[in-house]
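Visitor: I'd like to go through this model with you, starting with its open spaces and ending with its backbone. Could you show it first?

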Amino acid sequence: MTLHRIVDRAQWLSERRVLLAEEKAHMRAGDALAEKRRALAWVRVEREYLFDTVHGRETLADLFAGKGQLAVYHFMFGADWEQGCKSCSFWADTFDGIDVHLAARDTRFLCISNAPLDRLLAYRARMGWRFDWVSAVDGAFSQDFGVTFPEMRPGSAGGYNYTDAVPNDEMPGISVFARLEDGGIAHAYSTYGRGVEAINGAYHLLDLTPKGRDEGGEGMRWLRRRDEY
């Protein structure tokens, strides 16, 4: 580990308190941003989407499973892929199991990918995960919500992450939907790129360590699926 500055406990506490004040300001700013996120206008979902699930063919409304909110992780697993994205698999290792807690707050959580359901379930079994995972069938849902780009062309949501860029034909994201009083569905929020780090507990823990993510200029080349290290 790189040689680091060493001080006595009194000096450390003094510096830590200064940093604590900055951390609290950062948290308060985050709370204010979250409030603005919740206040963002919604868009009614007019198109009917179909998904293959362990319960059979279901609509987007069915995926709510009686809850008022639906949170979706767009897991990169293309229709012709043999296995899921290793980065999305890293994410899944850190959020697996949260669905029970979210359900207690009127929110259903699941993953949606374009690969056939049997391939998704086989990969889930290989990784030992428990979260619900459904197939987007024809890919229309993934295209409309900005994570799948056939032939590397921007879909109806434009390019990736609200830009004109299309870095790959499959990309990750998080989308949130709400049930309306009239029974309809509204799209409340989506985030992409580094926005999906919000649900990666491993990265947040590494950010607390001296080495941090320790990725340098190599990005995530260090990463392997949990059974490939």
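Guide: What follows is a short talk through the overall make-up, the pocket, the cavity, a surface patch and the backbone. This is a predicted model, in which local features need pLDDT of at least 70 and side-chain atom pairs count only at pLDDT 80 or more, while totals for chains, interfaces and linings use all residues. Residues are numbered from 1 along each chain as its sequence is written, and side-chain values use heavy atoms, with hydrogens and water left out.

Visitor: How many helices and strands are there in the protein?
Guide: There are seven helices and eight strands, taken as DSSP runs (helices H or I of at least four residues, strands E of at least two) numbered from the N terminus.

Visitor: And what volume does the largest pocket have?
Guide: The largest pocket holds about 1800 Å³ of space. On a 1 Å grid over the protein atoms alone, a pocket is an open set of points with protein on both sides within 12 Å along at least five of seven lines, whereas a cavity is a set where a 1.4 Å probe fits but cannot get out; lining residues have an atom within 4 Å of a point. Points are joined across faces, edges and corners, and the volume is the space filled by probe spheres set on them.

Visitor: Which residues are closest to the centre of that pocket?
Guide: Of the 43 lining residues, R37, E197, A198, I199 and H204 are the closest to its centre.

Visitor: Which element gives the largest share of the lining?
Guide: Helix α1 does, with 11 residues.

Visitor: Switching topic, what lines the largest cavity?
Guide: Its lining includes H74, F75, M76 and E170, and the volume of this cavity is about 40 Å³.

Visitor: Which residues form the nonpolar patch on the surface?
Guide: V7, W12 and L13 form it, with about 240 Å² of accessible area together. W12 lies in helix α1.

Visitor: Is W12 buried, partly exposed or exposed?
Guide: W12 counts as partly exposed because its relative accessibility is 42%, where buried means under 20%, exposed over 50% and partly exposed in between, with a 1.4 Å probe and protein chains only.

Visitor: Last one, where is Y162 found?
Guide: Y162 is found in the loop between α6 (140-144) and β7, and has a positive phi of about 60 degrees although it is not a glycine. At 58% relative accessibility, Y162 counts as exposed.

Terms used:
Patch = residues over 30% accessible without salt bridge, like charges linked within 9 Å, V, L, I, M, F, W, Y side chains within 5 Å. Areas by Shrake-Rupley, 256 points an atom, 1.4 Å probe, with all protein chains shown as cover. Salt bridge = Lys/Arg side-chain N within 4 Å of Asp/Glu carboxyl O.
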